[in-house]
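Let's take a walk through this model together. Keep the viewer open as you read, and turn to each spot as it comes up.

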Amino acid sequence: MGEHMEVRPILTYIKVSTAAELQMALDEAVAGSVIELQNGIYEQSGPFVVKDKQGSDGMPIRIEAASLGMAIISGDSYLHIEDSSYIEVSGLMMYSGIGSTSSEQSLRDRGLSHRILQGVHPGIQLQSSSRISILRNTFALNELGQPYRFLTNKGPVWGLYGIEGSCRYGSSYDLNGAVYSGPTPYEDAKLITDNGTHRHYIRVEGVSSYNRIAYNEIGPKRGFGAVLIYDGEGHGGRTISQHDVIEYNHFHGIGPRVTNGLEAIRLGLSSLSLAPGYVTIQYNLFDGFDGEDEIISVKCSDNIIRYNTSRNSYGGFVARHGNRNSFYGNFFFGDGEKPGMSGFRIYGNDHKIYDNYMEGLTDQVIRLDGGSHDGGADGSLNPTVKWMSGDEEKSAVLEELSQEERTALLRGHWRQYHVQVFNNTLVNPGADAHFLALGGKTYQPVGTKVYNNLIVSQAGTVIYETSAAQQAAASGQCIVIGAEEYDSSHVRAMRPLTVDDVGPVRAFSKS
């Protein structure tokens, strides 16, 4: 009797089989509630809402499918989680439609009219919530009817995705406009989508931390809008979700080509780029991505992007804004022929690119671009920014500007300082590819170090330097090409990911 008895948490299981039962269970959930969705379709007027619900480390609130992928969130519904913590969502099929602005009653009932998304429903939205786990779900949203635009030699054409005969000429979609009957970007790769409905499958917004998005099957996605976005507090804020982990997800079927706005992961916004994220993106598989030239677009600071695999995908991983990001242990595989396959494109300070393996890429493998703006070498939250206006160089202290002026400067391409590129392996690039392309724009990179890289190539120029397009004050560069012996044993110890490593099926395996 004197022995210590382990006290196990007592969970409460609630089985639901209708939309009404699901929303009632979410409204009544407490720490330790396990809401099990039976096989079927769940749809109501607006999203299923989890608001002000707090689980705990040992007693989370779990929302899970009884059978993997057989509980389907559909129609005008999606999942909205706000001001909550320790919530787990697993095994669901997200098949939400684009949405109807007239059917958002579930948000209005909870005083959340300001959260209504004007007809662009995601699969899941996290709003100011922490320690949320999004695990083993399938995101294949219903994109039927989403507007998209592309250019032809007779002018712009608008169409509705998946609706035959819907294409019309014009500056906006008009059902009564002149009919276009030719091929669309979904049939002709030469036609590039340049506008449309910006719809995201997973949205992480507000002030939050320690969320995990893992083992999800994500795709196909054919419409405009980045797949997974981190918008933090938005353009008027200063923080982004911190210490999150995005891992073991399978991104596929994303495209066709767009001019901008179809990243697999957009981590941050230009306005938040100086804020630290401490987010880790690891062990994800990007399979045949064909959206835009940024597969992962990092727009904040102090993140880690490692051990991901990109196969036969257009674009690469980009440090578009921010400082002190590390990219290491990633694999890139191309066929040496498909145009536009790259490795990294970099802006900002103190980034490290190392231990990556890149084979058969056809574009500039590592692009250390020049800058249109110079934020200085210290990478602080409130730098003095310089830029050229005609022949005159101007400068301003960032936080002394209006929000509009601040955002405009942060949207620029910021000069690089002290970027390091080392211990990478490049094998058999395409005929027009360069291992390293350096410089351009107004402000040349400063203090760049390139060393201990292994290059196996029959291509022509390995390192290509571009002069600044405009001479600016204090332009300069420092490139160090190391000659030390390169040890590739650390690369051989790693391996690229396959579909057996990622996605919900393997994660549910009992073997």
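In which loop is the place of Ser 128? Ser 128 sits in the loop between β10 (124-127) and β11 (130-135). Bear in mind as you look that this is a predicted model. The backbone here deserves a glance, since phi of Ser 128 is near 50°, a positive value in a residue other than glycine. With a relative accessible area of 23%, Ser 128 is partly exposed.

Another residue of this kind is Asp 302, which has a positive phi of about 65° although it is not a glycine. Look for Asp 302 in the loop between β26 (294-299) and β27 (304-306).

While we are on the backbone, turn to the peptide bonds. Gly 219 and Pro 220 are joined by a cis peptide bond, with omega at about 5°. Pro 220 belongs to the loop between β19 (217-218) and β20 (228-232). A cis peptide bond also joins Gly 255 and Pro 256, and there omega is about 15°. This proline, Pro 256, is placed in the loop between β22 (250-252) and β23 (265-268).

Now for a strand. Gly 159 is part of β14, which covers residues 155-160. Is Gly 159 buried or exposed? Its relative accessibility is 0%, so Gly 159 counts as buried, the cut-off being under 20%. Leaving aside residues up to four places away in sequence, Gly 159 touches Gln 146, Pro 147, Tyr 148, Ser 166, Cys 167 and Tyr 173. As for a more remote glycine, Gly 253 is 94 residues from Gly 159 in sequence, and their C-alpha atoms are 20 Å apart in space.

One of those contacts, Cys 167, leads us on to the largest pocket. Its space comes to about 230 Å³. The lining of this pocket is made up of 16 residues, and those nearest its centre are Ile 163, Gly 165, Cys 167, Thr 184 and Glu 187. By character, the lining divides into eight nonpolar, six polar and two charged residues. Cys 167 itself is buried, with a relative accessible area of 7%.

What about cysteine pairing? A disulfide is a covalent bond between the sulfur atoms of two cysteines. With a cut-off of 2.5 Å between the sulfur atoms, the count comes to zero disulfides. Like Cys 167, Cys 300 is buried; the relative accessible area of Cys 300 is 0%.

Next, find helix α3, residues 403-410, where Arg 406, Thr 407, Leu 409 and Leu 410 are buried. Seen down the axis of α3, these buried residues fall within an arc of 160°, so they line one face of the helix. An α-helix has 3.6 residues a turn, so residues three or four places apart point the same way. What does the buried side of α3 pack against? Its partners are β29 (315-321), β36 (373-374) and β37 (384-389).

Our last stop is Val 419, in the loop between α3 and β39 (420-422). At 0% relative accessibility, Val 419 counts as buried. Beyond residues up to four places away in sequence, Val 419 touches Ile 346, Gly 348, His 351, Leu 368, Gly 447, Thr 448 and Lys 449. Val 450 lies 31 residues from Val 419 along the chain, and their C-alpha atoms are separated by 8.5 Å.

Key. Residues numbered from 1 in each chain as written. Predicted model: local features only at pLDDT ≥ 70, side-chain atom pairs only at ≥ 80, totals over all residues. Heavy atoms only, no water. Buried < 20%, exposed > 50% of the residue type's maximum accessible area, 1.4 Å probe, protein only. Helix = DSSP H or I, 4+ residues; strand = E, 2+ residues; numbered from the N terminus. Arc of directions from axis to C-beta. Contact = heavy atoms within 4.5 Å. 1 Å grid on protein atoms, 1.4 Å probe; cavity = no way out; pocket = protein on both sides within 12 Å on 5 of 7 lines; lining within 4 Å. Points joined across faces, edges and corners; volume = space filled by probe spheres on them. Nonpolar A, V, L, I, M, F, W, Y, C, P; charged D, E, K, R; others polar.
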